[in-house]
Protein chains: 4
Amino acid sequence: MSEAQFPPAHPFDDDKLKEECGVFGVVGVTDAANFVALGLHALQHRGQEAGGIVSYAPDAGFNSARRFGYVRDNFTKQSLMETLPGALSIGHVRYSTAGSKAAAIRDVQPFFGEFSMGGAAIAHNGNITNADALRRELIERGSIFQSSSDSECIIHLMARSLQRNIPSRMEDALRRVEGAFSVVAMTRTKLIGVRDPLGVRPLVLGKIGDGWALSSETCALDIIGAEFVREIEPGEMVVITAEGGVESSHPFRPQPSRFCIFEHVYFSRPDSIIGGRSVYETRRQIGVELAREAPVEADLVCAVPDSGTPAAIGFAHESGIPFGMGIIRNQYMGRTFIEPTEQIRNMGVRLKLNVNRALIRGKRVILVDDSVVRGTTSRKIKEMILDAGAAEVHFRIASPPTAWPCFYGVDTPQREKLLAATMSEDEMCQHLGVDSLKFISLDGLYRAAGEAEGRNAKCPQYCDACFSGEYPVKPADMIEKGFQMKAAE
Amino acid sequence: MSEAQFPPAHPFDDDKLKEECGVFGVVGVTDAANFVALGLHALQHRGQEAGGIVSYAPDAGFNSARRFGYVRDNFTKQSLMETLPGALSIGHVRYSTAGSKAAAIRDVQPFFGEFSMGGAAIAHNGNITNADALRRELIERGSIFQSSSDSECIIHLMARSLQRNIPSRMEDALRRVEGAFSVVAMTRTKLIGVRDPLGVRPLVLGKIGDGWALSSETCALDIIGAEFVREIEPGEMVVITAEGGVESSHPFRPQPSRFCIFEHVYFSRPDSIIGGRSVYETRRQIGVELAREAPVEADLVCAVPDSGTPAAIGFAHESGIPFGMGIIRNQYMGRTFIEPTEQIRNMGVRLKLNVNRALIRGKRVILVDDSVVRGTTSRKIKEMILDAGAAEVHFRIASPPTAWPCFYGVDTPQREKLLAATMSEDEMCQHLGVDSLKFISLDGLYRAAGEAEGRNAKCPQYCDACFSGEYPVKPADMIEKGFQMKAAE
Amino acid sequence: MSEAQFPPAHPFDDDKLKEECGVFGVVGVTDAANFVALGLHALQHRGQEAGGIVSYAPDAGFNSARRFGYVRDNFTKQSLMETLPGALSIGHVRYSTAGSKAAAIRDVQPFFGEFSMGGAAIAHNGNITNADALRRELIERGSIFQSSSDSECIIHLMARSLQRNIPSRMEDALRRVEGAFSVVAMTRTKLIGVRDPLGVRPLVLGKIGDGWALSSETCALDIIGAEFVREIEPGEMVVITAEGGVESSHPFRPQPSRFCIFEHVYFSRPDSIIGGRSVYETRRQIGVELAREAPVEADLVCAVPDSGTPAAIGFAHESGIPFGMGIIRNQYMGRTFIEPTEQIRNMGVRLKLNVNRALIRGKRVILVDDSVVRGTTSRKIKEMILDAGAAEVHFRIASPPTAWPCFYGVDTPQREKLLAATMSEDEMCQHLGVDSLKFISLDGLYRAAGEAEGRNAKCPQYCDACFSGEYPVKPADMIEKGFQMKAAE
Amino acid sequence: MSEAQFPPAHPFDDDKLKEECGVFGVVGVTDAANFVALGLHALQHRGQEAGGIVSYAPDAGFNSARRFGYVRDNFTKQSLMETLPGALSIGHVRYSTAGSKAAAIRDVQPFFGEFSMGGAAIAHNGNITNADALRRELIERGSIFQSSSDSECIIHLMARSLQRNIPSRMEDALRRVEGAFSVVAMTRTKLIGVRDPLGVRPLVLGKIGDGWALSSETCALDIIGAEFVREIEPGEMVVITAEGGVESSHPFRPQPSRFCIFEHVYFSRPDSIIGGRSVYETRRQIGVELAREAPVEADLVCAVPDSGTPAAIGFAHESGIPFGMGIIRNQYMGRTFIEPTEQIRNMGVRLKLNVNRALIRGKRVILVDDSVVRGTTSRKIKEMILDAGAAEVHFRIASPPTAWPCFYGVDTPQREKLLAATMSEDEMCQHLGVDSLKFISLDGLYRAAGEAEGRNAKCPQYCDACFSGEYPVKPADMIEKGFQMKAAE
């Protein structure tokens with residue numbers, strides 16, 4: 001599998017937090033797998049490494065296809081899609097975790113298990129925080145794991161459940177599991193959706209013709225022309241059949257929800273609706289809040305494309321400083337060109353971006369980016385902007401300092417690699433060599449996300465562990481591996 | 001070569017005029033082909049179907065690699081690039097013409113010829129308007145053509161020239177050729193650049209270390225860190241060696257220049273500098289002119305991404321109406337998904353775009369697009385916008401009505417397929433079903449492009465044949481095939 | 001995976017019994033996987049569909065590569081072989097069973113399981129006759145099967161064993177298994193070999209430098225320059241380490257051995273030594289016995305190449321009739337050419353064979369073939385021979401009539417498809433339209449295989465179920481599916 | 001194009017003379033290209049590197065496909081064959097010459113030229129001995145060569161001919177050409193075949209239904225069920241149409257024919273008929289002559305498979321010593337396995353052959369091979385035979401010592417690499433370390449080829465330059481490059 005087949009998701013994807021998965025499923029429509037392919041295509045931003053689809057038809061049984069690379073490059077071939085017949089289908093796109101070894105196709109979901117009462121397939125978005133312990137226990141009892149994925153625990157727990165139907169086995173399994181999970185699963189007749197009690201990762205329900213769809217985000221309902229019905233609630237399980245419709249239950253102990261606030265900042269697509277709010281509008285509003293919190297005199301507001309654009313538009317609008325395209329993104333990104341012998345400065349960045357020199361020259365520029373993770377890309381962009389003749393460079397960041405790793409389904413560097421874990425805002429400003437650097441405050445972010453009073457420190461409305469270090473679920477496996485939680489205050 | 005390997009250049013590339021080529025060359029740098037690969041990557045928007053690179057090294061001779069697909073997918077492999085050694089190299093990216101049969105690798109440039117005094121390779125951007133006649137004459141005399149490309153005539157004319165050196169043979173050849181051409185060529189020691197007397201297509205000169213570069217656009221100089229020196233002049237020929245520098249001559253009869261104005265509107269990248277002007281700034285200014293020429297009361301200015309964005313920003317700025325991202329582009333475009341049995345309305349468009357429903361709903365929307373060609377896409381976008389609940393839709397087009405085909409290196413539909421060839425502005429408005437539709441005037445476009453007095457009707461400063469039907473070079477082959485020119489007024 | 005990548009193993013492989021597997025393993029040599037690749041290449045005749053290799057190195061852990069197609073096309077690539085480091089490695093080549101659906105990579109062995117005391121990989125040649133029942137039982141208890149292969153039962157039985165080391169777990173597992181098995185397995189430190197109590201399938205031990213090898217046949221020891229030490233005995237288990245050498249045990253209840261006699265007739269390579277006998281010599285001797293049992297006046301003895309050649313040589317020698325190459329095999333076999341519109345008679349056969357017309361014309365020809373399965377190919381060859389002008393055609397078959405399917409690791413058609421299951425020798429002769437047809441007798445075959453007294457009817461020295469219908473292990477799964485065993489006499 | 005896709009033609013193909021081409025064409029049959037694919041498959045032994053097919057249909061024009069690799073791997077795909085419609089088609093298989101650089105697809109025939117009266121395609125078997133001079137002259141006049149092939153001169157000479165129809169242009173062209181050629185060509189309506197005046201390379205005519213076929217060998221007529229009509233005569237040109245049948249002419253000055261005698265020894269398939277003789281029978285008779293000329297006491301006659309087998313059968317028959325399969329060929333040859341760290345002696349040979357140890361042990365073995373070129377393989381085989389315990393090894397070679405390179409379409413090493421160019425028979429025997437070594441005499445070879453009186457020294461009946469150094473056509477280009485011809489006696 002050549003590297004060139006994995007064009008990067010984002011110009012600086014090695015300096016971003018990365019959502020690890022998107023899930024999608026439909027029931028009650030002819031050739032369901034074709035809908036799933038479209039849905040996964042719309043969720044491609046949630047995972048570019050690989051994708052898989054499982055379908056079921058009474059005369060063909062369960063069929064599965066898992067492939068590395070983009071949905072558009074694999075699940076568009078007639079010859080492949082014909083192997084996935086039936087009116088019931090689920091799919092998954094994934095991003096590999098940073099630390100893992102070379103990806104193996106056996107790590108690509110959905111995972112499938114044949115039980116005595118029939119088969120089941122599952123697709124999981126999130127991360128199981130006690131997976132290591134569960135895995136040890138299951139192996140001890142004779143389960144054979146086929147992947148290195150934490151998600152595989154769920155299907156083994158189901159295989160060993162004493163329940164006599166698959167939804168009940170899934171309840172059994174998920175009650176043993178800790179962490180964040182939005183699961184889409186299927187049996188021969190049922191489409192199943194579950195969200196963990198905190199509702200960390202998104203999952204929505206749509207209606208398409210006589211059938212139903214489950215999706216990580218509403219933008220994937222749009223692509224297949226499905227109507228957005230509602231979000232699956234935190235802790236809710238829905239079991240859907242074409243004939244019987246949606247049966248809802250709440251198998252877990254209720255808890256206050258803690259949806260991932262970074263979905264608003266960066267992970268979700270701006271045209272999705274989350275928690276009743278437009279992601280685009282939230283991001284634009286972050287720009288407005290930033291302009292209020294950290295104003296600066298300047299000539300031009302630019303975005304680091306594309307994720308910084310809505311906040312930049314909001315900043316420009318609030319500040320009255322004109323918005324312009326100071327950085328142009330190459331639409332045909334690639335990151336593996338062979339470096340010519342004569343060194344090209346910042347070649348990696350140049351492959352993805354170019355400065356609009358004529359616009360930038362002589363101007364005081366406000367650059368709006370969504371986040372600072374390692375800071376390596378921010379430095380390079382600053383250099384390019386200055387090389388192009390900018391008079392001043394002011395960074396405005398649409399999220400608070402990212403100081404803690406996420407253990408709920410997001411690929412984050414180790415804590416010591418996070419710039420904000422070791423430096424104050426001033427030190428970062430100096431480190432990046434910019435004229436000013438300001439992050440939005442946690443309260444500002446909550447306000448932009450619709451919480452007029454800001455963050456409720458006693459019982460935060462969102463999971464913001466990456467900013468606050470307050471983890472709503474104890475990361476058990478990581479603590480066993482030596483991770484130090486923030487000292488209680 | 002599967003279809004999936006050709007992701008489209010632009011969300012609506014089947015409803016756009018398409019530049020057919022980009023050319024690039026360097027001399028005097030180690031591993032020149034690696035620089036050419038980078039340059040072609042930056043010019044990928046000028047041709048996505050295929051690319052080719054030729055290099056020369058004294059101990060390895062001429063070597064060539066021509067491939068279908070993106071530069072990033074082919075010319076990034078160590079194993080391939082190692083077959084292209086040397087300090088002198090040229091390359092080409094191309095788009096196939098609409099009417100041609102299935103593309104053949106033999107149509108991919110650069111073309112190469114071995115002459116008695118050594119080999120030469122050429123890469124051509126533009127179109128030869130008397131190629132059919134030249135081809136017939138050359139075949140009659142015993143030349144064997146290997147491709148269906150008009151550009152191959154040049155190398156055969158060179159082969160038959162009685163001149164004793166290759167630059168002189170190229171002069172001989174290009175004097176026989178009519179039409180538009182920006183050529184980058186190479187011998188064993190020289191890098192050669194030529195522009196036709198009208199200078200229809202762009203070509204610029206850059207300096208990199210001790211060496212030199214020729215490129216269709218300045219953005220490709222930026223990617224390799226080369227300094228932009230100047231444009232090659234219309235009718236100029238430069239012969240460059242690493243040691244001797246740039247020798248300039250003007251082998252053709254001088255004429256007033258007629259640069260392609262559509263390069264400003266759409267073909268060139270916004271971060272390129274053309275004719276001393278920023279393409280981005282011209283486009284933004286088009287939006288300003290549009291807002292003056294065709295104002296309308298509305299709540300929101302949106303762009304059809306990405307090419308309409310600078311003009312939309314300009315329109316918003318001039319009109320005071322807020323700019324917003326009403327249409328979100330899928331970053332992982334694809335166009336060949338299998339249509340599920342239950343019809344999805346406007347599926348082709350949905351694969352590429354989604355409406356930002358929360359932003360659009362209830363609003364009077366101004367939609368800025370760069371051009372209207374067939375109009376098919378405009379209709380679909382209008383439908384999506386209305387489905388999402390917009391109150392009104394007003395189209396503002398950043399170019400005059402495209403009523404005539406281009407014969408100078410751009411892929412245009414036949415005249416009868418051009419919406420503006422058969423309908424007035426009002427008819428188009430009705431046909432598209434929008435609340436209003438306005439194109440920028442030809443004078444407005446010229447003003448935005450820096451001609452304060454607008455278009456000089458007696459002697460237009462640009463080639464605008466696609467708008468005006470006034471062809472600066474008679475399209476001889478097309479007339480022979482029955483094309484009717486506009487009656488003289 | 002295009003069909004063209006699976007050139008057939010034998011010119012008439014759709015009309016042959018097919019051995020389903022070959023196994024190979026080495027311990028105690030640097031880069032063990034390279035030796036395994038060579039060994040599998042020498043065993044390719046035992047399975048052409050797919051191959052797999054697992055290796056272990058202390059610093060790299062277990063690594064695995066499984067591929068469709070020939071060993072020479074996959075396991076010769078530096079980039080792949082570098083992923084298989086270590087001094088301990090096993091491998092497997094396989095043929096798919098006739099009835100199975102499109103092959104899946106997950107059915108390709110070796111199979112791997114991670115247990116609490118470490119990982120193990122197994123490669124299995126043979127067939128488990130109670131696999132269906134075992135599978136049901138294991139699923140009932142929560143095992144998740146990944147393949148459709150009977151061999152996977154072994155690794156799940158091992159996973160559930162209460163023994164604390166892997167060789168003991170393998171004993172546990174194999175005691176639950178019925179049928180034929182020659183297994184090569186590995187842990188992090190040990191190479192393990194086992195043969196079932198009847199010793200139906202072959203397995204031999206070799207010495208290479210300071211290390212050891214296990215192989216289905218001796219010809220694969222030759223290719224790596226290993227010395228043939230001895231056969232693994234029926235019912236024997238060997239556990240081999242680089243330091244400790246070979247530890248032998250006999251974990252099963254002893255039984256008289258029943259080696260597959262068809263290994264002598266067709267499966268094994270003629271240059272292998274089996275049971276102390278040269279396969280080539282046995283086959284030549286079959287020809288001698290045939291000439292004695294079924295002489296006929298003729299001008300020429302020919303073989304159906306290549307497997308009939310040794311018997312043809314023996315027949316010619318014994319009868320005094322000259323041996324000649326009457327049928328020439330195409331060395332570049334293929335079976336999927338597109339049939340031209342004008343029908344070519346016997347096109348399938350012509351792709352593989354051509355008659356040596358000049359030699360055949362006017363002659364009375366004895367044609368020696370190894371077996372008659374469906375008889376379809378025999379008919380076509382007869383036609384080609386007669387078309388070429390032969391005066392008479394006499395078939396002499398180097399095995400008794402194949403009247404019963406094999407359930408011990410050989411791909412045979414259903415009983416009703418076997419020509420000999422429904423016709424007498426005379427009827428077959430008439431059906432094939434030949435001048436005479438004679439099979440070697442069962443006693444003659446045993447004599448040729450070294451049993452001077454012929455077959456011991458009370459306690460046959462070999463498994464000859466395909467000829468006699470006497471199955472030494474009850475085919476439990478098949479009986480459950482309705483297979484009728486021969487009535488006891 | 002990975003190496004693994006080129007499995008070798010013959011176990012020791014790096015130590016053999018290699019025929020460089022096979023040609024085939026049909027006219028007057030529906031879907032002619034499918035017949036050509038079959039014919040080329042039957043001629044694959046004449047060239048394994050690449051193949052090409054051109055077809056013509058009135059509504060589709062000329063179409064062409066050229067591919068590296070085996071015919072069976074390329075021209076069996078429906079999708080490819082559908083691009084080659086029409087009732088007229090020609091094809092070519094080729095072997096690259098030893099000295100050439102990495103093969104390029106542009107060197108793969110048929111070559112095509114568009115002339116003013118229509119297109120023509122040609123496929124050439126042989127070698128043009130004045131190609132360098134012709135090429136220089138053509139380039140001087142403005143022809144552009146696309147390949148490094150000598151054969152391309154023919155199409156350029158045709159392009160420049162003043163004749164008004166293509167067959168006449170071909171006559172013009174071939175009269176300028178020196179050397180050996182059997183050409184199959186096609187226009188839009190005609191299939192054309194030509195042999196050079198000496199008739200060095202073969203070409204035969206066949207009848208298939210209402211149509212006609214031309215082929216290098218009769219074995220390719222057999223595969224498509226065509227009837228062998230006659231050989232094309234030396235110096236003959238046939239122009240064939242579906243309606244008008246075969247028109248014959250003799251455009252060259254008549255000369256006594258000099259067919260390549262090595263076609264009998266090795267190049268042609270044993271089931272072909274050449275010059276009215278069975279190739280198999282000639283080879284068998286060589287063995288008979290060898291047994292008479294060079295008898296030796298021994299226990300066993302073996303062939304180096306597969307090409308030595310007919311002569312070994314003849315030797316065994318004449319000498320009364322039994323024939324046996326002492327060397328077993330691996331049917332799945334490969335030559336690129338990665339050598340394990342611990343050296344395997346003669347690994348290259350082991351991948352292709354294995355000694356039948358049980359048969360060889362203790363015996364005095366006569367080994368019959370077709371030729372000795374470099375001698376490297378002979379040494380290795382001798383070592384393997386002795387390692388296996390043979391008592392004596394006697395080589396008998398079915399051709400005279402190969403002491404001179406061929407310049408007529410055969411790939412031979414430079415003269416100094418030919419063992420027989422520098423050593424006497426005795427020295428070679430010592431060099432190879434065998435108990436005896438004997439080559440057949442030139443007269444013996446001629447007798448076996450049907451010349452009862454042996455070779456006519458004044459006017460040899462065959463071309464035997466590789467044995468005698470007497471070149472019937474002066475190798476002009478090679479002499480210019482410094483090749484020293486044998487001094488006149």
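This section describes helix packing, buried residues and backbone geometry in a predicted model.

Two packed helices are described by the angle between their axes and the distance between the axes. In chain D, helix α9 spans residues 279-293 and helix α10 spans residues 309-319. Their axes come within 7 Å and cross at roughly 45°. That angle makes α9(D) oblique to α10(D). The crossing of α9(D) with α10(D) is right-handed. On the α9(D) side, the contact is formed by Tyr280(D), Arg283(D), Arg284(D), Gly287(D), Val288(D), Leu290(D), Ala291(D) and Arg292(D). These residues meet Pro310(D), Ala311(D), Ile313(D), Gly314(D), Phe315(D), His317(D), Glu318(D) and Ser319(D) of α10(D). By class, the contact of α9(D) with α10(D) has eight nonpolar, four polar and four charged residues.

Helix α10(D) is mostly covered. Eight of its eleven residues are buried. The buried residues are Thr309(D), Pro310(D), Ala311(D), Ala312(D), Ile313(D), Gly314(D), Phe315(D) and Ala316(D). In chain D, the buried residues of α10(D) pack against α9 and against three strands, β18 (300-303), β21 (364-369) and β22 (392-397). Gly320(D) follows α10(D) and has a positive phi, near 80°.

The corresponding pair in chain C was examined next. Helix α9 of chain C covers residues 279-293, and helix α10 of chain C covers residues 309-319. The two axes come within 6 Å and cross at roughly 45°. Helices α9(C) and α10(C) are therefore oblique to each other. Their crossing is right-handed. Helix α9(C) contributes Tyr280(C), Arg283(C), Arg284(C), Gly287(C), Val288(C), Leu290(C), Ala291(C) and Arg292(C) to the contact. Their partners in α10(C) are Pro310(C), Ala311(C), Ile313(C), Gly314(C), Phe315(C), His317(C), Glu318(C) and Ser319(C). Eight nonpolar, four polar and four charged residues make up the contact of α9(C) with α10(C).

Ahead of α10 in chain C, the backbone has a cis peptide bond. This bond runs from Pro305(C) to Asp306(C), with omega near -10°. Asp306(C) sits in the loop between β18 (300-303) and α10 of chain C. A second cis bond joins Gln109(B) to Pro110(B), with omega near 0°. Pro110(B) belongs to the loop between β5 (88-94) and β6 (111-115) of chain B.

Most residues other than glycine have a negative phi, and most peptide bonds are trans. Asn346(B) is not a glycine, yet its phi is positive, about 55°. This residue is placed in the loop between β19 (327-329) and α11 (347-350) of chain B. Asn346(B) has a relative accessible area of 15%. It is therefore buried, since the cut-off for burial is under 20%. Asp31(D) likewise has a positive phi of about 55° without being a glycine. Asp31(D) lies in the loop between β2 (21-27) and α1 (32-42) of chain D. At 32% relative accessibility, Asp31(D) counts as partly exposed.

Two further buried positions were considered, one in a strand and one in a helix. Ser55(D) is part of strand β3 (residues 50-57) of chain D. Its relative accessible area is 0%, so Ser55(D) is buried. The side chain of Ser55(D) reaches the backbone oxygen of Leu84(D) at 3.3 Å. Neighbours within four places in sequence aside, Ser55(D) is in contact with Ala33(D), Gly61(D), Phe62(D), Asn63(D), Leu84(D), Pro85(D), Leu88(D), Ser89(D) and Met186(D).

Ala37(A) is located in helix α1 (residues 32-42) of chain A. With a relative accessible area of 1%, Ala37(A) is buried. Residues up to four places away in sequence are again not counted among its contacts. Ala37(A) touches Ile53(A), Val71(A), Phe75(A) and Met81(A) in chain A, and Phe337(B) in chain B. Phe252(A) is 215 residues from Ala37(A) in sequence. In space, the C-alpha atoms of Ala37(A) and Phe252(A) are 31 Å apart.

Two chain pairs were found without contact. Chain B and chain C do not touch, and their nearest C-alpha atoms are 13 Å apart. No contact joins chain A and chain D either. The closest C-alpha atoms of chain A and chain D lie 13 Å apart.

How values were computed:
Residues numbered from 1 in each chain as written. Chains lettered and ligands numbered in written order. Predicted model: local features only at pLDDT ≥ 70, side-chain atom pairs only at ≥ 80, totals over all residues. Heavy atoms only, no water. Axes fitted to C-alpha atoms, helices over the stretch in contact; angles between N-to-C directions. Helix = DSSP H or I, 4+ residues; strand = E, 2+ residues; numbered from the N terminus. Parallel < 35°, antiparallel > 145°, perpendicular 65-115°, else oblique. Left-handed = near helix turned anticlockwise from the far one by under 90°. Contact = heavy atoms within 4.5 Å. Nonpolar A, V, L, I, M, F, W, Y, C, P; charged D, E, K, R; others polar. Buried < 20%, exposed > 50% of the residue type's maximum accessible area, 1.4 Å probe, protein only. Polar contact = N/O pair within 3.5 Å; in protein donor to acceptor, adjacent residues only side chain to side chain.
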